[in-house]
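Open the model in your viewer and keep the selection panel at hand. The stops below go from one strand to its sheet, then to the pockets, then to a second sheet.

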Amino acid sequence: MAGNQLGKTYSGAAELAYHLTGDYPADWNGRRFDRPVRAWAGSKTGEVTRDGVQRLLVGEPKDRAQWGTGLIPAATFTTDDTSSRQGVADALDSVTVQHKSGGRSTLGFKSYDQGREKWQGETLDIVWFDEEPPEDIYSEGLTRTNATGGMAFMTFTPLLGMSNVVRRFLSDKSPDRHVTTMTIDDAEHYSPEQRARIIASYPAHEREARTKGVPTLGSGRIFPVPEESIRCEPLAIPRHWPLIGGIDFGWDHPTAAAKLAWDRDADIVYVVAAYRVKEATPVIHAGALKSWGPTLPWAWPHDGLQHDKGSGLALAEQYRTQGLSMLPDRATFPDGSNGVEAGLMEMLDRMQTGRLKVFAHLSDWFDEFRLYHREDGKVVKEYDDLMSATRYALMMLRNAMPADRPTPRRSEHAGAGGWMG
């Protein structure tokens, strides 16, 4: 899921060529097929499929002499192994490709405008959708891979917003689905000047989708501020700046943590580190987070009071026993309240006034920031783990401490909630 003209279709074509030929790069960490495969690839119309998918895989459509100059090596197929598609000039219906195992792979070219019926019937190993398909065609294409345990993948810019297809990947939890995002900042074949010019060329309401691959959320975005206004390059944190961590507990959704540094003089808070891992125990999370500082105070939410049935320890206490300096009480504002909306408004106010900055390399944090939204006025509690961790830390900012200050401890003689330095 990426912006326009960043290389997503080229990347998809390269992967499909690997699978068709069985000739994978030495450093390829993705799925491998050790036998010939049957695959389909398609886009919105026959013309778009020809000019994008077919051109990159086979070569320039209108110049038969150029066939074999695409990402499928010329030696693995001949023009005698191709069949043309009726009704679309220079478009191919299918090609066969020599697989390194000795057999031959087949690739059919499709388009969404053919309708669902043309995506039925075949049993396939791979389906590649270039640009987002209608939901019925996506479902039909995915079904073609059921019997083989195959795979389907998409390369697209989410100009249709939070459609049902996009929502399936972003909101419906499944170990069988994954989203890779890419923004114009990841496209290093553009210079900074070119990136700035491209961004400025798009209408404001399309800019996020076309340059960052962010689904159009409109008024549903919780933080409707330009990403550039909060992004900053990493800087050395002075030793006297107070620090605090925030943690959001999870299992099937990730456990997430954010580390904040506070320039108290300017009242600017910097998000300097982020962590997000799912299906791991407190021992694993604490082991990773202790490297952020042995005296770093940690803010945590109400569910940290829940007791584990096995150990009998509250969740926050389990992290405390693993060496994290968990604050003694759950995250609240100074008046004792802990409203989500109040926390979100504080974050938004800081963003809009330049008092919340995020280190530019924290890609997981920005992924969540771009997609954090409401539906029917309610916050969508999906893909929000780092946003929540940041909110908890901000709520308890009053407890932030410089790294070289000893961890405060609860006094045995100071009464309820009492502290000693």
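Start by selecting strand β1 (residues 38–43) together with β5: the two run parallel and are joined by four bridges. This is a predicted model, and local features are taken only where pLDDT is at least 70. To see the register of the pair, show alanine 41, which sits opposite tryptophan 128 in β5.

Next, restrict the selection to residues 126–130, which make up strand β5. Is this strand mostly covered or mostly open? It is mostly covered, since five of its five residues are buried. Turn on the side chains and look at each face in turn. Ile126, Trp128 and Asp130 lie on one side, Val127 and Phe129 lie on the other, and all of them are buried. The cut-off for buried is under 20% relative accessible area.

Now add strand β6 (residues 151–155), which pairs with β5 in the parallel sense over five bridges. Valine 127 stands opposite alanine 152 in β6. Add helix α3 (residues 135–143) as well; β5, α3 and β6 together make a right-handed β-α-β unit.

Widen the view to the sheet that holds these strands. Six strands form an open sheet in the order β2-β3-β4-β1-β5-β6, and the pairing is mixed. Its edge strands are β2 (83–84) and β6, each of which pairs on one side only. For an antiparallel pair, select β2 with strand β3 (residues 92–98), where two bridges join them. Serine 83 has serine 94 in β3 as its bridge partner.

Go back to β6 and display the pockets. The largest pocket has a volume of about 1,000 Å³. Which residues lie nearest its centre? They are Ala152, Phe153, Met154, His178 and Thr180, out of 31 lining residues. The elements that give two or more residues to this lining are α1 (8–21), α3 and β6. β6 provides the largest share, five residues. Alanine 152 therefore appears twice on this tour: opposite valine 127 in the strand pair, and among the residues nearest the centre of the largest pocket. Colour the lining by residue class to find 14 nonpolar, 12 polar and five charged residues.

Move on to the second largest pocket, which holds about 750 Å³ of space. It is lined by 31 residues, with Val179, Arg276, Asp364, Asp367 and Tyr383 closest to its centre. Select α4 (164–170), β10 (268–277) and α10 (363–371), each of which supplies at least two lining residues. The largest share, five residues, comes from α10. By class, this lining divides into nine nonpolar, eight polar and 14 charged residues.

β10 leads to the last stop, another open sheet. How many strands does it have, and in what order? There are seven, in the order β7-β13-β10-β9-β8-β11-β12, with mixed pairing. The edge strands here are β7 (231–232) and β12 (325–326), and each pairs on one side only. Finish by selecting β7 with strand β13 (residues 356–359), a parallel pair over two bridges. Arginine 231 stands opposite valine 358 in β13.

Technical notes
Residues numbered from 1 in each chain as written. Predicted model: local features only at pLDDT ≥ 70, side-chain atom pairs only at ≥ 80, totals over all residues. Heavy atoms only, no water. Buried < 20%, exposed > 50% of the residue type's maximum accessible area, 1.4 Å probe, protein only. Pairing = 2+ DSSP bridges. Right-handed = clockwise from strand over helix to strand, strands pointing away. 1 Å grid on protein atoms, 1.4 Å probe; cavity = no way out; pocket = protein on both sides within 12 Å on 5 of 7 lines; lining within 4 Å. Points joined across faces, edges and corners; volume = space filled by probe spheres on them. Nonpolar A, V, L, I, M, F, W, Y, C, P; charged D, E, K, R; others polar.
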